[in-house]
Amino acid sequence: MAKSVSSFRCSECGWTTLKWAGRCGECQQWGTVVDAGQTAGITRKLKAITLVGDGIARPITHVETDAAAHWPTGINEFDRVLGGGIVPGSVILLSGEPGVGKSTLLLEVASKAAAAKSRVLYVSAEESVSQVRLRAERTNALEPELYIAAETDLGVILGQIDAVKPDLIIIDSVQTVSSALSDGSPGMPSQVREVASTLIRVAKDRGLPVLLVGHVTKDGSIAGPRVLEHLVDVVCQFEGDRQTSLRFIRALKNRFGPTDEVGCFEMTGDGIAEVPDPSGLFLSRATEPVDGTCVTVALEGRRAMPVEVQALVTDTQAPNPRRVTSGVDSARVAMLLAVLQERAGMNLSTKDVYVSTVGGIRLSEPAADLAIALAIASAFTGLAVAHNVVAFGEISLAGEVRGALMSKQRVNEAVRLGFTTQIDAACGSIHAAVALALGTTRKPRDAELDRAF
């Protein structure tokens with residue numbers, strides 16, 4: 001006989017415990033743990049269901065793949081990240097900080113799909129229909145096959161799907177939709193789980209692609225239960241700096257394509273625009289070489305992009321010289337300063353050093369070490385690195401220049417953009433790299449540099 005025991009359950013996320021607690025141990029909500037008696041032990045047996053027809057498992061070689069082919073959205077940068085386009089029946093989650101441009105991007109996707117004679121249902125749970133219409137007018141996204149609804153109830157949204165019969169659904173956003181079958185307010189883990197599960201079931205049953213907008217927390221992770229990321233097919237992150245108009249979209253999870261592709265966009269007054277060739281966004285416009293600058297080729301996923309690093313070295317009277325960085329790791333710059341002083345003979349201990357990137361991009365890979373070091377050496381000596389020189393490579397504490405990941409792709413991109421001289425691991429050491437970048441005919445600003453060479 002099964003016996004009845006007392007247990008407690010969280011009304012928000014379903015977490016259970018044998019003892020009452022004021023705070024849920026799963027979702028960390030206060031006052032949501034209530035008494036919910038349950039029966040312990042096996043009370044009934046599960047009977048097998050007789051399967052007939054297409055429900056029976058079949059060999060994988062007999063499964064057709066035509067229905068899973070990608071269809072392009074009309075936005076090449078978005079298709080690049082998705083692996084070629086949207087797969088029918090897939091569920092895509094797009095997350096990002098407030099104001100980064102998620103709704104603008106998806107409205108553009110809806111407009112392109114509607115222009116291709118596909119019926120699109122755009123459900124806005126955060127804005128009114130008139131607000132979405134104003135944005136569509138501003139971004140030139142008005143199409144007769146684009147249907148808009150402002151709903152927050154999941155049952156009404158399912159009714160809209162049955163009435164409109166769309167080819168693509170966009171829900172903005174999943175955290176603001178609630179279901180009557182689950183307790184709690186919108187955005188709570190139980191609500192997000194129920195809403196996402198229902199929409200995924202509709203997508204799979206009808207072969208209908210669904211795009212979901214997801215909120216993020218203060219630390220940048222997707223809000224709601226982690227099971228949301230496991231349930232969907234594709235998780236994309238839309239990111240950018242508020243000080244610049246550049247936006248990047250990358251796939252954190254993709255069941256139908258790679259996860260190392262990056263799409264580039266630029267926010268404009270007329271909406272969001274693709275940037276198929278971002279090479280000019282991170283380079284300065286100086287016609288003559290300027291000391292303290294050096295160009296490297298950085299990798300964002302599989303995409304190689306030239307980035308200019310700028311440095312400024314000045315005298316200081318303070319006991320502790322300043323080390324100011326923007327777009328590069330400050331700890332990495334401190335290590336490179338020590339290597340330049342010990343391995344290249346540059347006395348930087350009495351200098352203020354400022355290092356920054358052009359365009360607001362952030363360099364986090366070790367392959368940018370050589371360009372940062374050469375920019376600092378150029379600023380220290382007052383000698384400019386030529387416009388046709390590009391540098392990439394990791395620098396060790398011994399002053400050795402090590403090879404960079406995917407160096408062949410970096411070289412090909414540098415050659416395409418007109419950089420005829422590459423300084424990389426072939427030079428061997430930071431001392432040789434500095435000599436090669438600054439040339440043999442130099443007039444050093446400091447007498448100490450004569451001893452270094």
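Visitor: Leaving aside neighbours within four places in sequence, which residues is Ser178 in contact with?

Guide: Keep in mind that this is a predicted model. Here, Ser178 is in contact with Thr152, Asp153, Leu154, Pro186, Gln191 and Val195, once neighbours within four places in sequence are set aside.

Visitor: Where does Ser178 lie? And is Ser178 buried or exposed?

Guide: Look in the loop between β9 (168-172) and α5 (189-206), and you'll find Ser178 there. As for burial, the cut-off is under 20% relative accessible area. Ser178 has 17% relative accessibility, so it counts as buried.

Visitor: Let's try a strand. What does Val353 touch, not counting residues up to four places away in sequence?

Guide: Val353 lies in strand β18, residues 351-357. Not counting residues up to four places away in sequence, Val353 touches Leu312, Val313, Arg322, Arg323, Val324, Leu337 and Ile376. Take one of these, Arg322: Val353 and Arg322 are 31 residues apart in sequence, yet 6.3 Å apart in space, C-alpha to C-alpha. Val353 counts as buried because its relative accessibility is 1%.

Visitor: Now helices. How do I read a pair of them?

Guide: Two packed helices are described by the angle between their axes and the distance between the axes. Try helix α8 (residues 369-381) and helix α10 (residues 430-438): they pack at an angle of about 60°, with their axes 10 Å apart. That angle makes α8 oblique to α10. The crossing of these two, α8 and α10, is right-handed.

Visitor: Which residues of α8 and α10 make the contact?

Guide: From α8 come Leu370, Ala373, Leu374, Ala377, Ser378 and Thr381, while α10 brings Ile430, Ala433, Val434, Ala437 and Leu438.

Visitor: What about α7 and α10: at what angle do they pack?

Guide: Helix α7 (residues 330-343) and α10 pack at about 90°, with their axes 10 Å apart. So α7 is roughly perpendicular to α10. The contact is made by Val339, Leu340 and Arg343 of α7, together with Ile430, His431 and Val434 of α10.

Visitor: And annotations? Where does UniProt place the feature "binding site"?

Guide: The unreviewed UniProt entry places "binding site" at Gly96, Glu97, Pro98, Gly99, Val100, Gly101, Lys102 and Ser103. Now compare that with the model: the lining of the second largest pocket includes Gly96, Glu97, Pro98, Gly99, Val100, Gly101, Lys102 and Ser103.

Visitor: Let me zoom in on two of those. Where are Glu97 and Gly99?

Guide: Glu97 sits in the loop between β6 (91-96) and α2 (102-115). Gly99, too, is found in the loop between β6 and α2. Their accessibility gets a label each: Glu97, at 45%, counts as partly exposed, whereas Gly99 is exposed, with a relative accessible area of 64%.

Visitor: What does Glu97 touch, not counting residues up to four places away in sequence?

Guide: With those set aside, Glu97 touches Lys102, Val216 and Phe238. Here's a distance to try in the viewer as well: Glu97 and His215 are 118 residues apart in sequence but 7.0 Å apart in space, C-alpha to C-alpha.

Conventions. Residues are numbered from 1 along each chain as its sequence is written. This is a predicted model: local features need pLDDT of at least 70, side-chain atom pairs count only at pLDDT 80 or more; totals for chains, interfaces and linings use all residues. Side-chain values use heavy atoms; hydrogens and water are left out. UniProt positions are given in the numbering used here, feature names are shortened, and annotations may be inferred rather than shown by experiment. On a 1 Å grid over the protein atoms alone, a cavity is a set of points where a 1.4 Å probe fits but cannot get out, and a pocket is an open set with protein on both sides within 12 Å along at least five of seven lines; lining residues have an atom within 4 Å of a point. Helices (H or I, at least four residues) and strands (E, at least two) are DSSP runs, numbered from the N terminus. Buried means under 20% relative accessible area, exposed over 50%, partly exposed in between (1.4 Å probe, protein chains only). Contact means heavy atoms within 4.5 Å. Axes are lines fitted to C-alpha atoms, for helices over the stretch in contact, and angles run from 0 to 180 degrees between N-to-C directions. Angles under 35 degrees count as roughly parallel, over 145 as roughly antiparallel, 65 to 115 as roughly perpendicular and the rest as oblique. A crossing is left-handed if the near helix is turned anticlockwise from the far one by less than a right angle, and right-handed if clockwise.
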